[in-house]
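Biologist: Got a minute to go through this fold with me? Put it up and start wherever you like.

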Amino acid sequence: MKRKHYAYEDFTIGLELPLGPKKVTAEEIVAFASEFDPQPFHLDEAAGKASILGGLAASGWHTVSMLMRMICDAYITGSTSQGAPGVDFVKWKRPVLAGDTLTGRTRVLDRRISRSRPDLGFVTVHHELFNQNGESVCEAQHVGMFLLRDPQRPAEEAAR
């Protein structure tokens, strides 16, 4: 199946894009933590079970990295993305444990064309990840920047 090439015009308010699935392994949790967040509950099953996390748990930063990969796989790679000026928020709502399978969605909340660059649009998106039990594990929101597919169209028409 060929993936859609997304440009600003495709990100209509209310659009939902599926993310995942992503199976989380103990090996990748330990590898990420070893390099970036070497806290005991991210490195050792026994330490994880003894913590409030309840098992070998992915770093929150690992969770956000997996979210980013799912976003790339779902729509960013091959799109007209020009990056993002920042992240509005990230919420880690529940531990991501070894063996979990993550799925999620991206929802378009708002969009507007740049006043200074009429070939560029800003798209506000909200992401949510769930574990295999349907429990929300992470939420994030940010504005992404996308080039218009047809910057010659009148701005009000492209904004619809």
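Modeller: I'd start with helix 4, residues 60-76, which lies across strand 1, strand 2, strand 3 (101-113), strand 4 and strand 5. Contact here means heavy atoms within 4.5 Å. Helices (H or I, at least four residues) and strands (E, at least two) are DSSP runs, numbered from the N terminus.

Biologist: At about what angle does helix 4 run to strand 1?

Modeller: About 125 degrees. Axes are lines fitted to C-alpha atoms, for helices over the stretch in contact, with angles from 0 to 180 degrees between N-to-C directions.

Biologist: Before I trust that, what am I looking at?

Modeller: It's a predicted model, where local features need pLDDT of at least 70 and side-chain atom pairs count only at pLDDT 80 or more, while totals for chains, interfaces and linings use all residues. Residues are numbered from 1 along each chain as its sequence is written, and side-chain values use heavy atoms, with hydrogens and water left out.

Biologist: OK, the sheet. What's the strand order?

Modeller: The order is 1-3-4-5-2 in an open sheet of five strands, with antiparallel pairing. Two strands pair if DSSP finds at least two bridges between them. Strand 1 (16-23) and strand 2 (87-92) are the edges, each pairing on one side only. The twist averages 20 degrees from one strand to the next.

Biologist: How many bridges between strand 4 and strand 5?

Modeller: Eleven, joining residues 120-130 to residues 136-147 in the antiparallel sense. Phe122, for one, has Met145 in strand 5 as its bridge partner.

Biologist: Switching topic: how many disulfides?

Modeller: Zero in the whole structure, taking a disulfide as two cysteine sulfur atoms within 2.5 Å.

Biologist: Why is Cys138 not bonded to Cys72?

Modeller: Because the sulfur of Cys72, the closest cysteine sulfur to that of Cys138, is 15 Å away, too far for a bond.

Biologist: And the aromatics, how many pairs?

Modeller: Six; rings of Phe, Tyr and Trp (its six-membered ring) pair if their centres lie within 6.5 Å, and planes under 30 degrees apart are stacked, over 60 edge-to-face, the rest tilted. Tyr6 and Tyr75 are edge-to-face, because their planes sit at 75 degrees, with centres 6.2 Å apart. Tyr6 is in the segment before strand 1 and Tyr75 in helix 4, so the pair ties together parts 69 residues apart in sequence.

Biologist: Are those two buried or exposed?

Modeller: Both Tyr6 and Tyr75 are buried, meaning under 20% relative accessible area (exposed is over 50%, partly exposed in between; 1.4 Å probe, protein chains only). Ring pairs link Tyr6, Phe11, Tyr75 and Phe146 into a cluster.
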